[in-house]
Each structure stands twice: as structure tokens, then as C-alpha cells.
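This report goes through a protein structure region by region. Keep the sequence and the 3D view open while reading.

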Amino acid sequence: MRECTLSTSVSGDADLETLARVVDRVRNNIERVIEGKPDVVSAAIVVLLAEGHLLIEDVPGVGKTQLAKALARSIDSTVRRIQFTPDLLPSDVTGVSVFNQDTREFEFRPGGVFANIVVGDEINRASPKTQSALLECMEERQVTVDNTTFMLEKPFMVIATQNPIEMEGTYALPEAQRDRFMARVSVGYPVEAAEIAMLDAHTSANPLDDLEPVTDAGEIRKLTEIVGQVHVSPAVQRYAVALATATRNSPELHLGASPRATLHLVRAAKAVAAMSGRDYVLPDDVHGLARPVLAHRLLPSVESAMSGRTGGAILDGIVSGVPVPEGDRA
């Protein structure tokens, strides 16, 4: 019995070391393109390992698409980019059945979503009807066209960028769409030193052109299995549920976090723990992910919106009021 336990522990340590090496390679590769934003890069990798989808929201020109492309190019897998525009159709995303005159049969032609990494650029410039074409793909990893279901290959990750909704020519993402994104991050403006370094590196050539894959889809699948084996104690589970429940009971919010949000919060925390070399989740892992995982799903009440309170600010107050379990493993 002891030998079995020791073998499992040693195997687990080796798996976590492998994960750490791959994560370092991917992180260093992305940071060749995105400088001075380690937290944003780490968040993107967390979502990848947790089998989620990432929403990058910020003003134009700060590197949203560069970040998405850098992550996609770091993995030797299929990558498709969809430029969302007002005239984009749902069939452009999912695919369409076309009648073949030679065979006298309908043939399915896959859309842009059939790839391991799908980069959806400026997703909120497309109509809500086209945006909703991603709902089934993101949640169930499948596409249904003309009563035929096509499974999407793992890993499958949508990295979508969007401009703030007050920008001209944009459509706000529906609540159901936002809820399917595991996390939302904002790149933000670079610090002065990073922007100067960017001028030196990007004016002579595009770093993306020289970016080579540092891992592949098969290895990413193995890493997601490692993340799935990370232990989450009952106390940490109760803490995640308590955070979600507090948002649902807040008078400042018209819409709180869904059960899917709780699931995403725990899955992301497991990825953070694995990246930190641990096979168990700490309450601090959940606490640190509350804003990127929950804030974009919340809908402030009319009174809160009129007073200028954002979902993120309301969430910060809610999180500070929920007791954090004590102990290394809670």
C-alpha cells in the first residue's frame, strides 16, 4: 500500500515538473511579442490549461490580437482566425452544407470554428445572431448543422477580442455569450520602458513572423489531464460557491454569477495550482481569480449603473466580505 502511494506521488511530481517546463516555454514565447504584461500572459495560459475560453477586452491598438495570435502560434496545432464584421453570417463561423452537382449530394464545408485555437477578432462588431453561432461550439465542443453534429477536436479554445461597447459600431455581447468565456482580461497600456522596447523590436520586423511553436496539441491534452487531477478540498469548494452565492444575493446586482461561473472558477484555480507546482488548490487561488472569472458575467442593477458602479467594483466589495478558509490546504 505504501509503495502504491509513493509511486503515485512521484508520478504526480514528475507530471507537475513537465507542466512547469511547458508553461515556461509558452510564456517566454508569448512575451517575445507581448512585453511587460506577465499577469495577462499567465491568465491566457491558465485558461488554456483549464480548457476554457478567453475574452480580451480593451481599446484598439494595445495588443489584444497580438496576444491571441502569439498564444495560438506557440502551439503546433490547427489555428483559424475569424474577423468579426457586421456582415459576417453564422454559417461563416460554423460551416454550411453545399450541394455537389457531381455527386448529387450535400457536402459539409467546415467554418472557421473548426480548429484547435480559434481567434475571434473584434467579436462584438458582428451581429448578436452571428455571435450566438459560437454558443454550442464553446460549451459543448460540437457544431450542429442541418441536424448533423460534428465534434470539435481537443484542445479547443476560443480567444476573442473586443473593443469597449461605447466604441462606434459595436454590439454588446449577450449574457449567455459572456458566461461561456472562462475569463476576461484587459491588456492595458504598456509602461514607458516596455513601450520603448516595443518600438525597438516591432519597427524593424514583426516578432510574430519569427515565432515558432514550443509545444503541440497532444502535449496540451496531457497537461489538461494533469490539471484535472489537482485536488480541491471541500472547504475550497464551499468558498467558491459562497462567492458565487454572494453575487446572486447582492442588491447591487441584477444578475449574479451562474453555476457555470462557479465551475469555471474552480477549474481555473486548479490550473493556477498546477502551474505553481501544487497538486491541491489553495483558497488564495480562488480568491485571486474572482475578478477575471466572475466580473464580466455580472449585471449591475439600474441604481448601481446610474451611480457609476461597475460590476468589477461591486465584485471587489463582495469578495472582501466573504470569509476566506484558513489553512494551507483548507
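## A buried serine

Ser250 sits in the loop between helix 10 (234-249) and strand 12 (253-255). The structure is a predicted model, and every value below is computed from it. Ser250 has a relative accessible area of 9%. Buried means under 20%, so Ser250 counts as buried. Setting aside neighbours within four places in sequence, Ser250 is in contact with Ile314 and Ile318.

## The largest pocket

The largest pocket holds about 630 Å³ of space. Its lining is made up of 21 residues, and those nearest the centre are Glu57, Arg178, Arg184, Ala295 and His296. Four elements give two or more residues to this lining: strand 10 (183-185), helix 12 (283-294), strand 13 (299-300) and helix 14 (311-320).

Sorted by class, the pocket lining has 10 nonpolar, 6 polar and 5 charged residues.

## The largest cavity

How many cavities of 30 Å³ or more does a search of the whole structure find? The search finds 1. The space in the largest cavity is about 40 Å³.

The residues that line the largest cavity are Val22, Val23, Val26, Ile45, Leu48, Leu49, Ile220 and Leu223. At least two lining residues come from each of helix 1 (2-31), helix 2 (38-49) and helix 9 (217-228). By class, this lining has 8 nonpolar residues, with no polar and no charged ones.

## Helix 3

Helix 3 covers residues 64-73 and is mostly covered, with 7 of its 10 residues buried. The buried residues are Lys64, Thr65, Leu67, Ala68, Ala70, Leu71 and Ala72.

## Aromatic pairs

The model contains 4 aromatic pairs. In one of them, the ring centres of Phe108 and Phe114 are 5.7 Å apart and the ring planes meet at 65°. An angle over 60 degrees counts as edge-to-face, so this pair is edge-to-face. Phe114 also pairs with Phe150, again edge-to-face, at 6.3 Å centre to centre with 75° between the planes. This second pair links distant parts of the chain, 36 residues apart: Phe114 is in the loop between strand 5 (105-110) and strand 6 (117-121), while Phe150 is in strand 8 (residues 148-151).

Ring pairs thus join Phe108, Phe114 and Phe150 into a cluster. Are these rings buried or exposed? Phe108 is partly exposed, with a relative accessible area of 22%. Phe114 is partly exposed at 22%, and Phe150 is partly exposed at 23%.

## Around Asp285

Asp285 lies in helix 12. Its relative accessibility is 8%, so Asp285 counts as buried. Apart from neighbours within four places in sequence, Asp285 is in contact with Ala269, Val272, Ala273, Arg278 and Tyr280.

Two of these contact residues, Arg278 and Tyr280, are also arranged as a charge over a ring. Arg278 lies over the face of Tyr280, at 5.8 Å from the ring centre.

## Pro190

Pro190 is in the loop between strand 10 and helix 8 (192-202). With a relative accessibility of 28%, Pro190 counts as partly exposed. Not counting residues up to four places away in sequence, Pro190 touches Lys37 and Glu195. Pro190 and Leu255 are 65 residues apart in sequence, and their C-alpha atoms are 33 Å apart in space.

## Backbone details in three loops

Where is the cis peptide bond with omega near -10°? This bond runs from Lys154 to Pro155. Pro155 lies in the loop between strand 8 and strand 9 (157-162).

Two further loop residues have a positive phi without being glycine. Arg104, with phi near 60°, is in the loop between strand 4 (95-100) and strand 5. Arg104 is exposed, at a relative accessible area of 55%. Asn147 has a phi of about 65° and belongs to the loop between strand 7 (142-145) and strand 8. Asn147 is exposed, with a relative accessible area of 80%.

Notes:
Residues are numbered from 1 along each chain as its sequence is written. This is a predicted model: local features need pLDDT of at least 70, side-chain atom pairs count only at pLDDT 80 or more; totals for chains, interfaces and linings use all residues. Side-chain values use heavy atoms; hydrogens and water are left out. On a 1 Å grid over the protein atoms alone, a cavity is a set of points where a 1.4 Å probe fits but cannot get out, and a pocket is an open set with protein on both sides within 12 Å along at least five of seven lines; lining residues have an atom within 4 Å of a point. Grid points are joined across faces, edges and corners, and a volume is the space filled by probe spheres set on the points. Ala, Val, Leu, Ile, Met, Phe, Trp, Tyr, Cys and Pro count as nonpolar, Asp, Glu, Lys and Arg as charged, and the others, Gly among them, as polar. Buried means under 20% relative accessible area, exposed over 50%, partly exposed in between (1.4 Å probe, protein chains only). Rings of Phe, Tyr and Trp (its six-membered ring) pair if their centres lie within 6.5 Å; planes under 30 degrees apart count as stacked, over 60 as edge-to-face and the rest as tilted. A charge sits over a ring if NZ of Lys or CZ of Arg is within 6 Å of the ring centre and within 35 degrees of the ring normal. Contact means heavy atoms within 4.5 Å.
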